[in-house]
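The following note sets out points for a colleague reviewing the coordinates. The numbered paragraphs may be read alongside the sequence and the structure.

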Amino acid sequence: MIKIEDNVDLRSLNTFGLQGTAQRLVTYTDQKDLDSLFAHGKSEWQTGPVTHIGGGSNILFIGDYDGTILKSEISHPPVFTEESENTVLVTAGAGMTMDDLCAEVASRGLWGTENLSGIPGQVGAAAVQNIGAYGVEIADLIERVNLFDTKKATHTEMTASECGYGYRTSIFKRQPLKGQYIVTSVTLRLSRLPVPRLSYGHLAVRVSAFPAPQEIRREVIAMRDNKLPDWRKTGNAGSYFKNVETDMAAYDRICSMVQPEEVPHYPAGDGRVKIPTAWMIEKCGWKGRSEGGAAVWQKQPLVLVNATGNASWSDIVKLEENIISSVHNKFGITIEPEVEKIRNI
């Protein structure tokens, strides 16, 4: 079913809870609706530029949106298919909440998504963004992504290798394909055999010797709840900045500024290391500081929040820019936002 609304309050479309108006919102509940929407181009329903969003958990609207927001509500129950004795494929609609999928998978005793529990947003956006947490990325699990090609008005699919996944990115976020494809559903490969990933976030010391997926899911959610703000209470878009991957020369330079044992880091392959951006932001003194109605979350400096409930997009952008400048001046490292800014074209 297709639903078209005009002059829609943006607060219902972004987890930052920022005020604003979208000129038009078009929602759909079935992939066949896209056939109808794009059968004769977009002229019948489009007003201004068109942007497709998910659950609004990784975006920042830059003012009112004088165009059309397209949003998936394909949220039918996931389909589980036995592939072999030890593996199961699950296909979930793009509009399904990612955490609902994690809950369903864990309840069936299947392994794979438990470390991704508690991440807000929808399944389709998760596949575009390549979400990750506690040593797992969704790209590790994806068998295929089912798509609608808006240029050809046809349905197609891509394997994980064809999606060009990297750290918090995919071909769907990069030119020339950005905006061409809409994710309709995602198929993940899950395991019946225990494959716990416990190397991040002290998970190993929080669970039993032989944990079940549900136990790991509970601990992951508890850890997130203890560290991250609930967007329903304090508006935020999750991790605002990406973690930094750099070469050993830059790492050694940072170590020379502080005690080397103080610098947290993880192997990133090809002789590179990942340095937590949160650590650098905290070292620059930003933890808990504010800019207008926006602030750095006191328990996790990667997260910027709508602290007053009335922050403007410019408050958040100014805070972002000041943090980037501060980290660069102190460490010689340029950090990048993970959040995607949506503005009129």
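1. Rings of Phe, Tyr and Trp (its six-membered ring) are taken as a pair if their centres lie within 6.5 Å. The structure, which is a predicted model, holds seven aromatic pairs. A pair of aromatic rings is described by the distance of the centres and the angle of the planes.

2. One of the aromatic pairs is formed by Phe38 and Phe148, with ring centres 5.4 Å apart. The planes of Phe38 and Phe148 stand at 45°, and planes under 30 degrees apart count as stacked, over 60 as edge-to-face and the rest as tilted, so this pair is tilted. Phe38 belongs to helix H1 (residues 31-38) and Phe148 to strand S10 (residues 142-149), so the contact ties together parts that are 110 residues apart in sequence. Both rings belong to buried residues: Phe38 has a relative accessible area of 7%, and Phe148 has one of 0%.

3. Tyr200 and Tyr266 make an aromatic pair that is stacked, with 5.4 Å from centre to centre and 25° between the planes. This pair links distant parts of the chain, 66 residues apart: Tyr200 is in the loop between strand S12 (181-191) and helix H4 (213-227), and Tyr266 is in strand S15 (residues 266-269). Tyr200 is partly exposed, at a relative accessible area of 31%. Tyr266 is likewise partly exposed, at 35% relative accessibility.

4. Which residues are linked into a cluster by ring pairs? They are Phe16, Tyr240 and Phe241. Charged side chains also lie over rings. The charged end of Arg289 sits over the ring of Trp286, at 3.8 Å from the ring centre. Lys330 is placed over the face of Phe331, 5.7 Å from the centre of that ring.

5. Attention may next turn to an open sheet of four strands, in the order S13-S19-S18-S17 and with antiparallel pairing. Strand S13 (235-239) and strand S17 (290-291) are the edge strands, and each has a single partner strand, so one side of each is left without a neighbour in the sheet. S13 and strand S19 (residues 303-306) run antiparallel and are joined by three bridges. Ser239 has Val303 in S19 as its bridge partner. Helix H7 (residues 313-331) packs on the sheet, where H7 touches S17, strand S18 (294-296) and S19. The direction of H7 makes about 35° with that of S18.

6. Asn306 merits separate inspection. This residue lies in strand S19 and is buried, at 4% relative accessibility. The side chain of Asn306 reaches the backbone nitrogen of Ala311 at 2.9 Å. When neighbours within four places in sequence are left aside, Asn306 is in contact with Phe16, Gly17, Leu18, Thr234, Gly235, Gly293 and Ala311. Phe16 thus appears both among these contacts and in the ring cluster with Tyr240 and Phe241.

7. In a regular strand the side chains alternate between the two faces of the sheet. Strand S3 (residues 50-53) shows this alternation: Thr51 and Ile53 point to one face and are buried, whereas Val50 and His52 point to the other and are not. S3 runs parallel to strand S5 (residues 65-72), and four bridges join the two. Val50 has Thr68 in S5 as its bridge partner.

8. Several backbone features should be checked. The peptide bond from Gln175 to Pro176 is cis, with omega near 10°. Pro176 is located in the loop between strand S11 (154-159) and S12.

9. Asn7 has a positive phi of about 55° although this residue is not a glycine. Asn7 is placed in strand S1 (residues 2-9) and is exposed, with a relative accessible area of 61%. Asn130, also not a glycine, has a positive phi of about 55°. Is Asn130 buried or exposed? Asn130 has a relative accessible area of 0%, and buried means under 20%, so Asn130 counts as buried. Asn130 is found in the loop between helix H3 (123-129) and strand S8 (132-133).

Note on methods. Residues numbered from 1 in each chain as written. Predicted model: local features only at pLDDT ≥ 70, side-chain atom pairs only at ≥ 80, totals over all residues. Heavy atoms only, no water. Pairing = 2+ DSSP bridges. Contact = heavy atoms within 4.5 Å. Axes fitted to C-alpha atoms, helices over the stretch in contact; angles between N-to-C directions. Buried < 20%, exposed > 50% of the residue type's maximum accessible area, 1.4 Å probe, protein only. Lys NZ or Arg CZ within 6 Å of the ring centre and 35° of its normal. Polar contact = N/O pair within 3.5 Å; in protein donor to acceptor, adjacent residues only side chain to side chain.
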